[in-house]
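The exercises below ask for a careful reading of a two-chain model, each followed by a worked solution. Please keep the sequence and the coordinates open while working through them.

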Amino acid sequence: MTGTAQRPVLRVVGLTQSFGDHRVLDGLDFEVAAGTATVLVGPNGSGKSTALRCVTGADQPQAGALELLGEPLDELSPTIRAAMAVVMDDLDFFPDLTAIEHLDLFARAHRVPDPEALVDEVLSEVGLSAQAAQLPVSLSSGQRRRLALASAFVRPRRLLVLDEPEQRLDAEGLDWLIGRLRAEKSAGLAILLASHSADLVDAVADQVVTLGRAT
Amino acid sequence: MRHWRRSRRTVTLSEAVQEVYIWLLAALMLGSMLVSVLVNVSHLGDRSCAASDCTAARSLLPWLAVGTALAGCWMLARMLGPVAVSPGVASWLMPTPVDRGELLRGRVRSTTLLGAMAVAPVAAATATLAGYDVSDLLLFTVGTAALASCGIGALAHAQGRARHPARLLAPASLIAVGAGLAAIAASRAPELGGAGGSLALASVAALWVGVVGVLLRAQHLAQRLRVADVAPGGALLPGVGGALASLDLALAFDVVVAHGSRRRGAVTAVRGGPTGVAALMWRDVVRLLRSPGRPLILFAALLVPYAMAAVGGGVVTLVVEVLVCFVLVIPLLVSLRVLARSSGMVRMFPAPLGWTRAAALVVPGALVVAHGALCVFALRQTLDVTPVQAAALGASAGLAGLAAGTRWVTGRPPDYGRPLVSSPAGGVPTNLYGSVLRGFDVAVLGAVPMVLLPTSGGAMLSAGLCLVVVAWLCGRK
């Protein structure tokens with residue numbers, strides 16, 4: 001259900017994925033419109049992360065169609081990469097670049113105008129200004145999660161894909177995340193996320209897609 | 001208690017004796033085969049190495065090899081501690097009021113002796129190849145083993161101290177090796193005889209007195225060690241051990257790099273630079289400025305092909321150059337390693353997969369190709385080629401080293417999810433054993449055309465093959 005007459009930013013039709021004999025996703029359909037947030041919920045093993053991995057191209061689905069901005073979603077396409085900002089658990093870091101250097105690199109790679117100002121702003125927003133010169137391995141897991149989230153906000157995006165972004169965030173961090181996602185929606189971005197946090201779902205979701213129980 | 005002890009045994013005494021017998025027999029057989037090979041190669045060297053440059057270089061070989069082994073041993077010791085404890089000991093025993101000296105003295109002693117055991121075979125093998133007689137060989141082996149142990153003892157003394165001259169041992173050893181190579185390259189290498197003489201005997205005796213001193217003072221050395229001094233090295237070992245157990249050398253590299261980053265903790269951030277994929281290239285430039293030792297070592301290693309050329313290496317000089325570039329480009333490929341080992345980072349960049357990874361090769365590639373091109377004088381000296389051909393061959397050798405390094409860092413770990421091959425050690429992934437040779441396969445692919453055809457044509461063929469390999473490795477999903 002899109003709720004708008006506009007073409008959806010993301011369209012998923014008949015998404016199907018199995019691991020061996022176990023069917024994780026069976027004909028999943030949903031759309032994400034600009035300025036809205038769709039949240040995938042469900043118990044562990046219900047296929048939330050699998051669905052996100054199929055959308056981001058990390059996994060190849062067995063069946064189904066994925067469209068981003070009306071075009072078939074091919075993550076090999078630089079246009080798709082430029083439009084889709086992804087924060088999943090598999091985000092790696094360069095071991096020898098500091099927190100601020102990571103964000104500076106992403107901002108410049110995406111040719112953001114005035115990258116320094118944007119990076120400073122986002123770094124301050126995620127509460128890592130004091131850790132700007134630290135290497136990722138010396139950050140706590142929560143700080144690394146904040147850095148990963150910051151990486152999505154220092155570059156252009158039309159669709160934000162997040163896999164359980166509330167993990168390892170403290171209460172203050174969760175409040176910040178809720179506020180940030182609301183701001184993203186107000187700016188016209190589409191958000192797709194998987195979450196176990198009732199607070200986050202209640203605060204942000206315009207559409208909730210419940211995935212089935214694990215068998 | 002007797003029942004509990006006896007019920008835990010898994011082999012009988014006779015089975016244990018049988019196993020020991022088999023191990024001893026295997027060690028003797030393999031050891032004698034190895035000694036036989038070394039002696040035969042030594043005799044071959046006696047017959048074929050007649051020119052003064054060659055005999056001088058041959059006499060220096062044991063010292064250069066031992067110097068390199070000592071540097072490696074001491075660098076490894078510094079990286080680990082040299083005294084290290086497992087995470088379990090660090091968590092459970094170190095915080096208790098147990099006597100640290102008693103707890104750690106065994107580790108001090110074993111690490112000290114381990115250094116001797118690591119260097120002794122290298123000394124013995126290379127002294128055999130150099131044609132030392134038995135007494136000189138034994139003295140050389142025993143002396144360098146003692147030197148290794150003394151160095152580790154000094155590093156144990158330096159452990160936990162901010163500044164200590166022992167930290168200069170490994171660099172000093174490498175500088176000495178470099179001086180030896182420079183002497184060979186300049187055809188000024190002295191012809192060193194064996195390690196005999198009363199002075200040598202006295203030196204070796206003094207070194208072993210030092211080793212005994214370290215062993216006796218182990219408890220005193222260990223008493224002042226803090227958890228922060230011994231835990232990080234111990235935390236490194238399980239990770240590296242696990243990676244090596246699966247023969248995943250690239251994973252071991254990741255663990256070591258992460259360990260180094262953890263020890264640094266923070267650095268002065270450098271911002272700015274170009275946009276687009278050039279931003280990745282700029283980051284490699286910043287890395288070089290931040291760690292100038294790496295390019296310094298790369299260009300200091302030019303001494304190796306020049307030394308090989310000075311002793312009449314011929315086309316082997318090209319092979320040596322390829323291998324030198326292969327080994328020394330790997331620390332420069334950290335960016336590519338991160339982009340290759342998971343899809344999480346590479347999808348952050350708005351460029352095709354191949355372009356993003358290729359951008360991480362530009363700066364390291366420029367360095368190794370320049371390294372190869374700078375071998376032009378060495379190649380002209382040892383091959384009958386024009387300057388242009390020599391430069392082409394050298395640059396292609398550098399490119400082959402880059403391709404081999406790219407193969408190494410982008411290799412995939414053993415995949416236990418695929419069908420396995422049955423072996424006496426159990427199920428083995430099909431790419432497990434090949435992972436050890438990863439990189440060397442491409443090095444051979446790049447070197448063979450130049451070895452068979454040491455001309456511009458061979459250089460172009462080699463470069464073409466290497467570029468195809470690099471393009472495929474960067475572009476594969």
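**Exercise 1. Determine whether the two faces of strand 7 of chain A are buried or exposed, and name the residues on each face.**

Solution. On one side of strand 7 of chain A stand A:Leu159, A:Val161 and A:Asp163, on the other A:Leu160 and A:Leu162, and all of them are buried, so that both faces are covered. Here a residue is buried if 20 or more other C-beta atoms lie within 10 Å of its own, exposed if 12 or fewer, and partly exposed in between, with C-beta atoms placed from the backbone. Helices (H or I, at least four residues) and strands (E, at least two) are DSSP runs, numbered from the N terminus. The count for the strand is thus five buried residues out of five. The general background is that side chains in a regular strand alternate between the two faces of the sheet.

The model is predicted: local features need pLDDT of at least 70, side-chain atom pairs count only at pLDDT 80 or more, and totals for chains, interfaces and linings use all residues. Residues are numbered from 1 along each chain as its sequence is written, while chains are lettered from A and ligands numbered from 1 in the order in which they are written.

**Exercise 2. Place strand 7 of chain A in its sheet by working out which strands pair with it.**

Solution. Begin with the whole sheet, which is open, has five strands in the order 6-7-8-3-9 (chain A), and is paired in parallel; two strands pair if DSSP finds at least two bridges between them. Its edges are strand 6 (84-87) and strand 9 (207-210) of chain A, each of which pairs on one side only. Neighbouring strands are turned against each other by 15° on average, direction ignored.

Next, take the pairings one at a time. Strand 6 of chain A is joined in the parallel sense to strand 7 (residues 159-163) of chain A over four bridges; A:Met84 has A:Leu159 as its bridge partner, and A:Val87 has A:Leu162. Between strand 7 and strand 8 of chain A, which run parallel, there are five bridges, with A:Val161 partnered by A:Leu192 and A:Asp163 by A:Ala194. Strand 3 of chain A in turn runs parallel to strand 8 of chain A and is joined to it by four bridges, where A:Val39 is matched with A:Leu193.

**Exercise 3. Explain why strand 8 of chain A is described as largely enclosed, and find which helix lies across it and its neighbours.**

Solution. Five of the five residues of strand 8 of chain A are buried, so the strand is largely enclosed by the rest of the structure. A:Ala190, A:Leu192 and A:Ala194 point one way, and A:Ile191 and A:Leu193 the other.

For the helix, look at helix 1 (residues 48-56) of chain A, which lies across strand 3 (37-41), strand 6, strand 7 and strand 8 (190-194) of chain A and runs at about 145° to strand 7 of chain A. Axes are lines fitted to C-alpha atoms, for helices over the stretch in contact, and angles run from 0 to 180 degrees between N-to-C directions. Helix 6 (residues 171-186) of chain A also packs on the sheet, touching strand 3, strand 7 and strand 8 of chain A, and its direction makes about 145° with that of strand 8 of chain A. Contact means that the C-beta atoms of two residues, placed from the backbone, lie within 7 Å.

**Exercise 4. Work out how many residues each chain brings to the contact between chain A and chain B.**

Solution. Chain A brings 34 residues and chain B 35. On the side of chain A, helix 2 (78-83) and helix 3 (99-109) each supply at least two residues, and helix 3 of chain A gives the largest share, seven residues.

**Exercise 5. Explain why helix 15 of chain B is largely enclosed, and identify what its buried residues pack against.**

Solution. Of the 14 residues of helix 15 of chain B, 12 are buried, so the helix is largely enclosed by the rest of the structure. Its buried residues pack against several helices of chain B, among them helix 13 (293-300), helix 18 (353-373) and helix 20 (387-410).
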